[in-house]
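Reader: Could you walk me through one part of this fold, slowly? I'm mostly after how the strands pair up and how the helices pack, contact by contact.

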Amino acid sequence: MRGYDVAVVGGGIVGLALADAWLARHPGTRVVVLDKEERLAAHASGRNSGVLHAGFYYAPDSLKAQLTRSGNQMLREFCAERGVDVRETGKVVVTTSPQQLPALEELYARGQANGVPLEMVDEAGLRQLEPLARTHERALWSPSTAVADPVAVVEALAQRVRERGGEVRLGTPVIDAGPGWVRTPYQRIAVGHMINAAGLYADRVAHWFGVGEEYRMLPFKGLYWYASWPSGRLKRHVYPVPDPRNPFLGVHLTVTVDGRAKVGPTAIPSLWREDYGGVGGFDALEAMDVARLYPRFLRSPYHDVPGLVRTEMPKYSRRYLVTRASALVPSIRPADFREKGRIGVRAQLLHVPTGRLEMDFVVRPGERSTHVLNAVSPAWTSSLAMAQWICDSTLTA
Ligand SMILES: Cc1cc2nc3c(=O)[nH]c(=O)nc-3n(C[C@H](O)[C@H](O)[C@H](O)COP(=O)(O)OP(=O)(O)OC[C@H]3O[C@@H](n4cnc5c(N)ncnc54)[C@H](O)[C@@H]3O)c2cc1C
């Protein structure tokens, strides 16, 4: 059969953004996005908080800093073009003890360095922005943080890829690939260039090309609980000051696009990748593989892994999780949060020789291929900017 100029493995937001950016630059070329699932947004891109991050957390020399502020802007423009709702919630970052004030100042300084609009407010200022939240002395206000429905965004992006002439083939797992070809259970397809945007399986696809062999994916599970409150009671996303030793932001409260409050996500270590509850997606070989990584990870000098395990594992308990979140919003009660949200799993890359979790996006070239290896949060926000950056820096017609 006739081949494709570009085949993208993975039709999450990153793969679709890459197909979209490529087609915008090279109209008329043959592009296919292959996803193993029968429906769009089945994994992280449809199972996240939908927060359009502003880009102030990240070290100024990182890809996350470079791509999140512009990604936020591009995603807003995309949503406006496609009629996808964005709710202008903004976000407050609050302290739970006076000892966190220096870290809050550091976040403010990072925001300044990254060119992100931010304001430091006092307790009275916080009460005006979000009456339910509490802080010690000061809080950060980020007006450009917002929220959208992640599934609606992915569906709209797939539609734009199709309108630009790309094919989006669902129910099509890629089971092997090499320079110039990919194989599905149905056929071997000739391709000019392959883009690996396989999310939780991106390490495996990269290894087929001998790329990123020092890396393995370590899954972390994100649980959510929805409040039974009326829409609009919580106005802003409320986040804690994150622990800089770990790549996660800590338990927070967010508002959905239709004004519902939810608590989560957790970052509970998981033994298999598509661990969405029960034994669905369980793979014994995968679990053994992940378990083998833990002794190295537990001794990591880069992270407080025992502390992470100690604080995350109890968050399987709804009561414990909501009680932790009440440090940010004291009036919340476990009884208010009884509706489970859709679980998401973070595709977090581990550098095996050092036991270090990669904090930044990792993109690697391979023979006739490009591999997006650590599309962790906020890659949903950054996806359109990331795709442009990859097209500029590594992909040529
Ligand atoms: C709980 C949680 C909350 C988050 N909150 C936010 C947030 O608020 N804001 C934000 O910006 N980011 C957030 N993120 C991060 C964001 O969701 C991800 O960075 C982003 O969705 C990554 O997109 P992706 O396309 O790489 O991955 P995915 O959406 O996982 O897409 C990968 C696709 O590859 C497919 N695939 C895998 N292997 C194969 C194969 N062999 N053949 C064919 N197809 C294959 C899968 O079916 C999947 O559809 C969150 C993540 C989680 C888990």
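**Strand pairing and helix packing**

Author: Let's begin at a sheet edge: strand β20 (residues 344-351) pairs with β21 in the antiparallel sense, over two bridges. Keep in mind that this is a predicted model. Within that pairing, histidine 351 sits opposite arginine 356 of β21. Zoom out a little and you get an open sheet of four strands, running in the order β18-β13-β20-β21 with antiparallel pairing. Its edges are β18 (268-269) and β21 (356-357); each has a single partner strand, so one side of each has no neighbour in the sheet. Helix α7 (residues 284-298) packs on this sheet, where it touches β13 (215-222) and β20. The direction of α7 makes about 95° with that of β13.

Now for a strand with partners on record at two places: β7, residues 138-142. Strand β5 (residues 91-94) pairs with β7 in the antiparallel sense over four bridges, and valine 94 stands opposite alanine 139 there. Strand β6 (residues 119-122) also pairs with β7, again antiparallel and over four bridges; here aspartate 122 faces arginine 138. In a regular strand, side chains alternate between the two faces of the sheet. In β7 both faces are covered: Arg138, Leu140 and Ser142 are buried on one side, Ala139 and Trp141 on the other. That makes five buried residues out of five for this strand.

On to the helices. Two packed helices are described by the angle between their axes and the distance between those axes. Helix α1 (residues 13-25) packs against helix α5 (residues 150-163) at about 30°, with the axes 9 Å apart. The pair is therefore roughly parallel, and its crossing is left-handed. On the α1 side, the contact uses Ile13, Leu16, Ala17, Ala19, Asp20 and Leu23; α5 brings Val153, Val154, Leu157, Ala158, Arg160 and Val161. By class, that gives ten nonpolar, no polar and two charged residues.

Helix α1 also packs against helix α10 (residues 379-393), at an angle of about 35° and with the axes 8 Å apart. This crossing is right-handed. Among the α1 residues that meet α10 are Val14, Leu18, Ala21, Trp22 and Arg25; the α10 residues they meet include Trp380, Leu384, Met386 and Ile390. The class count for this contact is 13 nonpolar, two polar and two charged residues. Ile13, Ala17 and Asp20 of α1 turn up in the contact with α5 and in the one with α10.

Notes. Residues are numbered from 1 along each chain as its sequence is written. This is a predicted model: local features need pLDDT of at least 70, side-chain atom pairs count only at pLDDT 80 or more; totals for chains, interfaces and linings use all residues. A residue is buried if 20 or more other C-beta atoms lie within 10 Å of its own, exposed if 12 or fewer, and partly exposed in between; C-beta atoms are placed from the backbone. Two strands pair if DSSP finds at least two bridges between them. Axes are lines fitted to C-alpha atoms, for helices over the stretch in contact, and angles run from 0 to 180 degrees between N-to-C directions. Angles under 35 degrees count as roughly parallel, over 145 as roughly antiparallel, 65 to 115 as roughly perpendicular and the rest as oblique. A crossing is left-handed if the near helix is turned anticlockwise from the far one by less than a right angle, and right-handed if clockwise. Two residues are in contact if their C-beta atoms, placed from the backbone, lie within 7 Å. Ala, Val, Leu, Ile, Met, Phe, Trp, Tyr, Cys and Pro count as nonpolar, Asp, Glu, Lys and Arg as charged, and the others, Gly among them, as polar.
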